[in-house]
Amino acid sequence: MKSVSVIKVGSLKDPNEATRGKVQVVDIPEQLIGDEDVKIKVAYCAICGSDPHLVENIFGWDVPFGIGHEVSGVIMELGKNATKKGLKVGDRIAGNFLKFCGTCYYCQNGQQQFCEYGNDSNHPGMSEYIVWHESQVYKLPDDVSLKIGCLLEPVSIAVRIMDKIGMKIGQRVAICGGGPIGLLAIQSLKMYGATSLTLIEPISNRRDFAVKYGADYVIDPLTQDVVEVSMSLTNGRGFDVVIDCSGSVKAVNNLPQITAKGGKLIYAAMYPNTFEMPLNLYQYCYFNELTITGLYVAPYAFPRALQLLPRMQLEDFIAKVYPIDQVEEAFAMQVEGKYPKILIQCNSFEKE
Ligand SMILES: [Zn+2]
Ligand SMILES: [Zn+2]
């Protein structure tokens, strides 16, 4: 079956073709289905903001390795014990690419995200077929299309960000980075009653999306002084909550400066694995009492993400679709950053 693999590691933005990273459709065997598993004919797999970092080999894997984790599809076959959720052949589904074992120390300690066996069944989602454990699979509501459905996983990350904030109504919030997670966070924060909701983002069409989804202010860090503008928007106090969704080493240094005393600062993106950020502990942790944290994946978030899916504005996220055979063009378009999301179509269905 067709599956997308990284066949050469390197930056997709590298102007030199000899060293540029490369993804390609390869032929791999279909996975076998176990008794508790679900075999899925994949409809769409969205490209994640983290996928180009995987091509850069942030996890140090050997090539070729498969990618894709934002998946929707239709159930082809159920293992004989995959009966706990009432799933049926033909159901339209989405899911969590990570299977939490439920048994290890972390799973039993309320910290699924650190599951010691979470990667065991992490099969590449940009494939014609995948096999997932029943626990990873969620039936889509009837009013959610398969295109929207593949956004369940990024929506689950927005849910996790909200969990980490412990948001209070009326708090001032700034988001750095208007990629898909930043834009989903803006929509979620709007529901939460955030005020002075501000996006810091250099790409103008991303700022436009943010305003459309409810941002009160936008800051262009290329032409404006981020700290100065942030202070003028907040009576000189800074934002109660600041969330980095950019992952950009250029953008993250001054975020402690725009966080209010006693505020929360969430580094909610994936960062280069050797990057170290200077942080004045006296100023920000001792004197200003900031709570600084980050997040890895989205435990306990999928049932709520599923509830949110029909309530989010996702039409702009499904505007650009490439067939699986054009995955190289799709990744080239992804790194341009013009669309909030790019979808890979792995199979077509009559009822989308
Ligand atoms: Zn993702
Ligand atoms: Zn576990």
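## Strand 6 and its neighbours

Gly95 stands opposite Val137 in strand 8, a good place to start our tour. This is a predicted model, in which local features need pLDDT of at least 70, side-chain atom pairs count only at pLDDT 80 or more, and totals for chains, interfaces and linings use all residues. Residues are numbered from 1 along each chain as its sequence is written, while chains are lettered from A and ligands numbered from 1 in the order in which they are written.

Strand 6 (residues 92-95) and strand 8 (residues 137-139) pair in the antiparallel sense over 3 bridges; pairing requires at least two DSSP bridges between the strands. Strands (E, at least two residues) and helices (H or I, at least four) are DSSP runs, numbered from the N terminus. Strand 5 (residues 70-78) also runs antiparallel to strand 6, joined to it by 3 bridges, and here Gly73 has Ile93 as its bridge partner.

In a regular strand the side chains alternate between the two faces of the sheet. In strand 6, Arg92 and Ala94 point one way, Ile93 and Gly95 the other, and all are buried. Buried means 20 or more other C-beta atoms within 10 Å of the residue's own, exposed means 12 or fewer, and partly exposed lies in between, with C-beta atoms placed from the backbone.

## Helix 10 and its cover

Which residues of helix 10 (residues 327-336) are buried? They are Val327, Ala330, Phe331 and Gln334. Seen down the helix axis, these fall within an arc of 95 degrees, so they line one face; the arc is that of the directions from the axis to the C-beta atoms. Glu329 and Glu336, on the other side, are exposed.

The cover over the buried residues includes strand 1 (2-8), strand 2 (22-27), helix 1 (51-55), strand 15 (321-323) and strand 16 (343-345). Ile344 touches Val327 and Ala330, among others, where contact means C-beta atoms, placed from the backbone, within 7 Å. After the helix comes Gly337, with a positive phi near 75 degrees.

## Two domains

The protein is divided into domain 1 (2-151 + 314-345) and domain 2 (162-294), with bounds from an automatic or database domain assignment. Their centres, taken over C-alpha atoms, are separated by 28 Å. At the contact, 10 residues of domain 1 meet 9 residues of domain 2.

Terms used
Contact = placed C-beta atoms within 7 Å. Lists of a residue's contacts leave out its neighbours within four places in sequence.
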